[in-house]
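Biologist: Let us go through a model together, one question at a time. Please put it on the screen.

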Amino acid sequence: MPKQRHSGLGGWLFLGIVLLGYGLSFLLSPEATADAFAFFRRVMRQMFPVLGLVLLLLFIANLLLTPATVKRYLGKKAGAKGWIASVFAGIFSMGPIYAWYTALAELQQKGMRTAFVATFLYSRAVKIPLLPLMIYYFGLSYTIVLCLYLIVFSVINGFLTERLMPHKT
Amino acid sequence: MLPCFPEEISAGLFGHGDIPDAVLGAAIGSIAAGHPLARYLLSGELLSGGVGLIAVTAMLVTWVTVGIVQLPAEALMLGTRFAVYRNFISFCLAIIIALLTVYTLQLLGLA
């Protein structure tokens, strides 16, 4: 069975600090606070549809994915297919990153390797829908070279991040 | 912050060598937040404003791979140590990617 996550007061403390930050900045600069709040609302509007999709995927994953399955495809012994899966999952993932933290934390609880989490987060830099815009601004050669480096370095990023993390016994 | 860039460029913030430019570009991308679409628009503006491709590439990469603004959320969900290490490594790798990308294009005669 996966280890249950300890639900402490961290989340509430974080919320409190954010609200306090908003309150203080409102006293210092109401205009800047209004801009920040408008930015927050825009991000939330973008995030909610994706969060809905992520929650649906989590529901399906909870039904279908057992810790044994996650460990087989994204665990310590996943090998090359784990790297490939995490790179492509990152490339094709959509929406704000906040929504994906929850999904990745859940998968990690089920046995997803730390390296694959970092690889997923790095390979998100390759955005398929935005490639035409990148080609328009920088050219096809630049886009191909940069995307290839991003894919290779997403694996290096995953490897290095995992190496720095303390080993669990 | 973003509307300030043209003034900063004219003040000579960039153009002090490949590595300092890459570090500065990566730093700007790390603290920038917003839709990825915005990074291309800003990058295009920076390029046309005379900023080098290395700095712009470093900014493009860190815009998505490093998230100082998102760091508290990442730390909360995936662990502080993981978030700090991952962002630090991503920052360093972005500088290497920026240099490699431009040097590769120059080597191939495409830049």
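Modeller: One term comes up often: contact means heavy atoms within 4.5 Å. This is a predicted model, so to speak of local features we need pLDDT of at least 70, and side-chain atom pairs count only at pLDDT 80 or more, while totals for chains, interfaces and linings use all residues. Residues are numbered from 1 along each chain as its sequence is written, chains are lettered from A and ligands numbered from 1 in the order in which they are written, and side-chain values use heavy atoms, leaving out hydrogens and water.

Biologist: In chain B, what share of the contacts with a separation of 6 or more joins residues 24 or more positions apart?

Modeller: Take the contacts in chain B with a separation of 6 or more. Then keep those between residues 24 or more positions apart. The share is 69%.

Biologist: How many helices does chain A have?

Modeller: Helices (H or I, at least four residues) and strands (E, at least two) are DSSP runs, numbered from the N terminus. Chain A has 0 strands. Its pattern along the sequence is α-α-α-α-α-α-α-α. The count of helices is 8.

Biologist: And how many helices are in chain B?

Modeller: Chain B has 0 strands. From the N terminus on, its elements run α-α-α-α-α-α. The helices number 6.

Biologist: How many residues of helix 6 of chain A are buried?

Modeller: Buried means under 20% relative accessible area, exposed over 50%, and partly exposed in between (1.4 Å probe, protein chains only). Helix 6 of chain A spans residues 114–123 and is mostly covered. Among its buried residues are Phe116(A), Phe120(A) and Tyr122(A). The buried count, out of 10 residues, is 10.

Biologist: Is Glu74(B) buried or exposed?

Modeller: Glu74(B) lies in helix 5 (residues 71–78) of chain B. Its relative accessible area is 0%. Buried means under 20%, so the cut-off is met. Glu74(B) is therefore buried.

Biologist: Which residue of chain A shares a polar contact of 3.4 Å with the side chain of Glu74(B)?

Modeller: A polar contact is a pair of N or O atoms within 3.5 Å; within protein, one must be able to donate a hydrogen and the other to accept it, and residues adjacent in sequence count only if both atoms are side-chain atoms. Glu74(B) makes one at 3.2 Å with the side chain of Asn87(B). Its contacts beyond four places in sequence include Leu121(A) and Tyr101(A). The side chain that makes the 3.4 Å contact belongs to Tyr101(A).

Biologist: How does helix 7 of chain A lie relative to helix 8 of chain A?

Modeller: Axes are lines fitted to C-alpha atoms, for helices over the stretch in contact, and angles run from 0 to 180 degrees between N-to-C directions. Helix 7 (residues 131–138) and helix 8 of chain A pack at about 125°, with axes 7 Å apart. Angles under 35 degrees count as roughly parallel, over 145 as roughly antiparallel, 65 to 115 as roughly perpendicular and the rest as oblique. So helix 7 of chain A is, relative to helix 8 of chain A, oblique.

Biologist: Which backbone oxygen lies 2.7 Å from a polar side-chain atom of Thr143(A)?

Modeller: Thr143(A) sits in helix 8 (residues 140–164) of chain A. Thr143(A) is buried, at 4% relative accessible area. Beyond four places in sequence, Thr143(A) contacts Leu131(A), Met134(A) and Ile135(A). The backbone oxygen belongs to Gly139(A).
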